[in-house]
Amino acid sequence: MLARVVLPREIAAALPRLAAAALPREACALMTGRRSGDALVITGLAPSSNLAAAGDAFEIDTALHLRLQRRTRAVAAIWHSHPSGAAIPSARDAAGAWDQGLAWIITARGETTAWLPLGEGRGFAPLPLVPA
Ligand SMILES: [Zn+2]
């Protein structure tokens with residue numbers, strides 16, 4: 001079971017900038033990574049267009065997801081920002097987190113957190129985020 005997420009500093013530093021660039025909307029991206037024991041080590045960041053119609057939501061570009069997965073076989077996490085509110089999953093996030101194979105990373109007010117989906121409608125468990 002996944003116990004922590006290791007986030008390289010250069011990717012961690014890019015997240016608040018992507019979040020700011022998308023304002024007032026949510027920013028979103030996919031991350032690639034590899035497992036190392038009980039850790040998920042993030043290795044790449046692929047910013048996505050936010051295809052959601054609503055202002056307080058995000059939707060990753062499915063074409064980007066498929067392309068990235070075909071090329072890397074390593075899509076490991078979904079990242080998005082909360083323009084207002086805290087870096088914790090919203091009720092909408094919980095409803096959309098059906099894939100237990102992907103970690104969720106959230107940035108709000110300069111703070112970034114990691115979460116493990118527990119399955120359809122069951123919310124998230126927090127994951128320690130370790131800088132690398
Ligand atoms: Zn959210």
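Colleague: Why is the site of the zinc ion called irregular?

Modeller: This is a predicted model, and the answer lies in the angles. They run from 57 to 156 degrees among the 4 donor atoms. Four donors count as tetrahedral if all angles lie between 85 and 135 degrees. Square planar needs opposite donors over 155 degrees apart and all others between 65 and 115. An angle of 57 degrees fits neither range, so the site is irregular.

Colleague: Which atoms coordinate the zinc ion?

Modeller: His-80 and His-82 each use NE2. Asp-93 appears twice, with OD both times. The distances are 2.0 to 2.5 Å. Donors must lie within 2.8 Å of the metal, so these atoms count.

Colleague: How are the donor residues spaced in sequence?

Modeller: The pattern is H-x1-H-x10-D. His-82 sits in the loop between β4 (75-81) and α3, while Asp-93 is in helix α3. The two are 11 residues apart, and the pair links distant parts of the chain.

Colleague: Are His-82 and Asp-93 buried or exposed?

Modeller: Both His-82 and Asp-93 are buried. The word stands for under 20% relative accessible area. Across the chain, buried residues make up 45% of the 132 residues.

Colleague: What makes Pro-24 count as exposed?

Modeller: Its relative accessible area is 70%. The cut-off is over 50%, so Pro-24 is exposed. Pro-24 lies in the loop between α1 (9-22) and β2 (28-36).

Colleague: What kind of peptide bond joins Leu-23 and Pro-24?

Modeller: That bond is cis, with omega at about 10 degrees. Most peptide bonds are trans.

Colleague: What is notable about phi of Arg-73?

Modeller: Phi of Arg-73 is near 55 degrees, a positive value, and the residue is not glycine. Arg-109 also has a positive phi, of about 50 degrees, without being a glycine. Most residues other than glycine have a negative phi.

Colleague: Where are Arg-73 and Arg-109 found?

Modeller: Arg-73 is in the loop between α2 and β4. Arg-109 is in the loop between β5 (103-108) and β6 (111-117).

Colleague: Why do Arg-73 and Arg-109 count as exposed?

Modeller: Set each value against the cut-off of over 50%. Arg-73 has 64% relative accessibility, so it counts as exposed. Arg-109 has 69%, so it counts as exposed.

Colleague: How do you know that the chain is as compact as a globular protein of that length?

Modeller: Compare two values. The radius of gyration is 13 Å, and the globule rule gives 14 Å for 132 residues. The two are close, so the chain is as compact as a globular protein of that length. The C-alpha atoms fill a box of roughly 40 × 30 × 25 Å along the principal axes.

Colleague: How many helices and strands does the chain have?

Modeller: The chain has 3 helices and 8 strands. Their order from the N terminus is β-α-β-β-α-β-α-β-β-β-β.

Colleague: What is the volume of the largest pocket, and which residues are closest to its centre?

Modeller: The volume is about 460 Å³. Of the 16 lining residues, Phe-58, Ile-60, Ile-78, Gly-96 and Trp-98 are the closest to the centre. Helix α3 (91-96) gives the largest share of the lining, 3 residues.

Colleague: Which classes make up the lining of the largest pocket?

Modeller: There are 9 nonpolar, 3 polar and 4 charged residues. Phe, Ile and Trp count as nonpolar, and Gly counts as polar. Therefore Phe-58, Ile-60, Ile-78 and Trp-98 are nonpolar, while Gly-96 is polar.

Technical notes:
Residues numbered from 1 in each chain as written. Predicted model: local features only at pLDDT ≥ 70, side-chain atom pairs only at ≥ 80, totals over all residues. Heavy atoms only, no water. 1 Å grid on protein atoms, 1.4 Å probe; cavity = no way out; pocket = protein on both sides within 12 Å on 5 of 7 lines; lining within 4 Å. Points joined across faces, edges and corners; volume = space filled by probe spheres on them. Helix = DSSP H or I, 4+ residues; strand = E, 2+ residues; numbered from the N terminus. Donors = N, O, S within 2.8 Å, 3.2 Å for Na, K, Ca; no water. Tetrahedral: all angles 85-135°; square planar, octahedral: opposite > 155°, others 65-115°. Buried < 20%, exposed > 50% of the residue type's maximum accessible area, 1.4 Å probe, protein only. Rg over C-alpha atoms; globule rule 2.2 N^0.38 Å.
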